[in-house]
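Reader: I'm new to this and I keep meeting labels like "buried" and "edge-to-face". Could you show me how such labels get decided?

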Amino acid sequence: MSEHTESGVHVASMRLLVTIMIILMIGTWLTVSVTHYDFGVLNIWIGLAIATTKAILVGLYFMHLRWDKPFNAFVFISAFAFLALFVGFALMDTGHYQDVIIPGWPLS
C-alpha cells in the first residue's frame with residue numbers, strides 16, 4: 001500500500017487517496033445533513049466533532065503525517081485536543097451569560 005522512494009519520500013497509493021477523499025465527501029454531506037435537525041446543546045459539538053475528524057484525516061493522509069515521525073502526528077493531534085479544550089471552556093462560559101448576550105434567551 002505504501003512505498004518509499006530512494007530519497008525516503010512517501011508515495012501514497014491512488015486507491016488510498018481516493019478512499020480518504022470519499023470519506024471526506026461523506027463527512028461534508030454529514031455536516032450539511034446534521035444542520036437540518038435540532039440536537040439542542042449538542043449542535044455545536046456535533047459540528048466540531050465532524051470538522052475535527054475531517055481535519056485529522058486531511059493532516060494524516062494528505063499531509064502524510066501518518067507516515068512521518070510519530071512525534072509530528074502527536075503534536076498535530078494534540079493541537080486539536082487543546083483547541084477542543086479552549087472551545088469547550090469558552091462555550092461553558094458563554095452558556096452562563098447567554099441570557100445577557102441574547103435578550104429573552106432561552107425562549108420558554
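What follows is a chat about the labels used for this predicted model.

Reader: Let's get the layout first. How many helices and strands are there in the chain?

Author: The chain has four helices and two strands. Reading from the N terminus, the order is β-β-α-α-α-α.

Reader: What makes S78 count as buried?

Author: Buried means under 20% relative accessible area. S78 comes in at 16%, so it gets the label. You'll find S78 in helix α3, which covers residues 70-96.

Reader: And what does the side chain of S78 reach?

Author: It reaches the backbone oxygen of F74, at 2.7 Å. The limit for a polar contact is 3.5 Å, and 2.7 Å sits inside that.

Reader: Which residues make up the largest nonpolar core?

Author: There are 12 of them: A12, L16, I20, L24, L57, L60, Y61, L65, W67, A73, F76 and F80. Helices α1 (14-34), α2 (43-62) and α3 each supply at least two residues of this core.

Reader: Take L24 from that list. What does L24 touch?

Author: Leaving out residues up to four places away in sequence, L24 touches K54, L57, V58 and F62.

Reader: Now the rings. How many aromatic pairs are there?

Author: The count comes to four aromatic pairs. One of them is Y37 with F39, whose ring centres are 6.4 Å apart and whose planes are at 55°.

Reader: Why is the pair of Y37 and F39 called tilted?

Author: The centres have to lie within 6.5 Å for a pair, and planes under 30 degrees apart are stacked while those over 60 are edge-to-face. At 55°, the planes of Y37 and F39 fit neither of those, so the pair is tilted.

Reader: Are Y37 and F39 buried or exposed?

Author: Y37 has 56% relative accessibility, and exposed means over 50%, so Y37 counts as exposed. F39 has 39%, which falls between the two cut-offs, so F39 is partly exposed.

Reader: What about F76 and F80: how do you know what kind of pair they form?

Author: Their ring centres are 5.1 Å apart and their planes are at 80°. That angle is over 60, so this pair is edge-to-face. F76 and F80 are four residues apart in helix α3, which means about one helical turn separates them.

Reader: Why do F76 and F80 count as buried?

Author: F76 has 18% relative accessibility, under the 20% cut-off, so F76 counts as buried. F80 also has 18%, so F80 counts as buried too.

Reader: And H64: what stands out about its phi?

Author: H64 has a positive phi of about 60° although it is not a glycine. H64 lies in the loop between α2 and α3. Its relative accessibility is 29%, so it counts as partly exposed.

Reader: Where is G47, and why is G47 called partly exposed?

Author: G47 is in helix α2. Its 30% lies between the cut-offs of 20% and 50%, so partly exposed is the label. The C-alpha atoms of G47 and L30 are 9.3 Å apart, with their positions 17 residues apart along the chain.

Reader: Last one: how much of the chain counts as buried?

Author: Of its 108 residues, 19% count as buried. The chain exposes about 8,400 Å², and carbon and sulfur atoms supply 73% of that.

Technical notes: Residues numbered from 1 in each chain as written. Predicted model: local features only at pLDDT ≥ 70, side-chain atom pairs only at ≥ 80, totals over all residues. Heavy atoms only, no water. Buried < 20%, exposed > 50% of the residue type's maximum accessible area, 1.4 Å probe, protein only. Polar contact = N/O pair within 3.5 Å; in protein donor to acceptor, adjacent residues only side chain to side chain. Core = buried A, V, L, I, M, F, W, Y, C linked by side-chain atoms within 4.5 Å. Contact = heavy atoms within 4.5 Å. Phe/Tyr/Trp six-rings, centres within 6.5 Å; stacked < 30°, edge-to-face > 60°. Areas by Shrake-Rupley, 256 points an atom, 1.4 Å probe, with all protein chains shown as cover.
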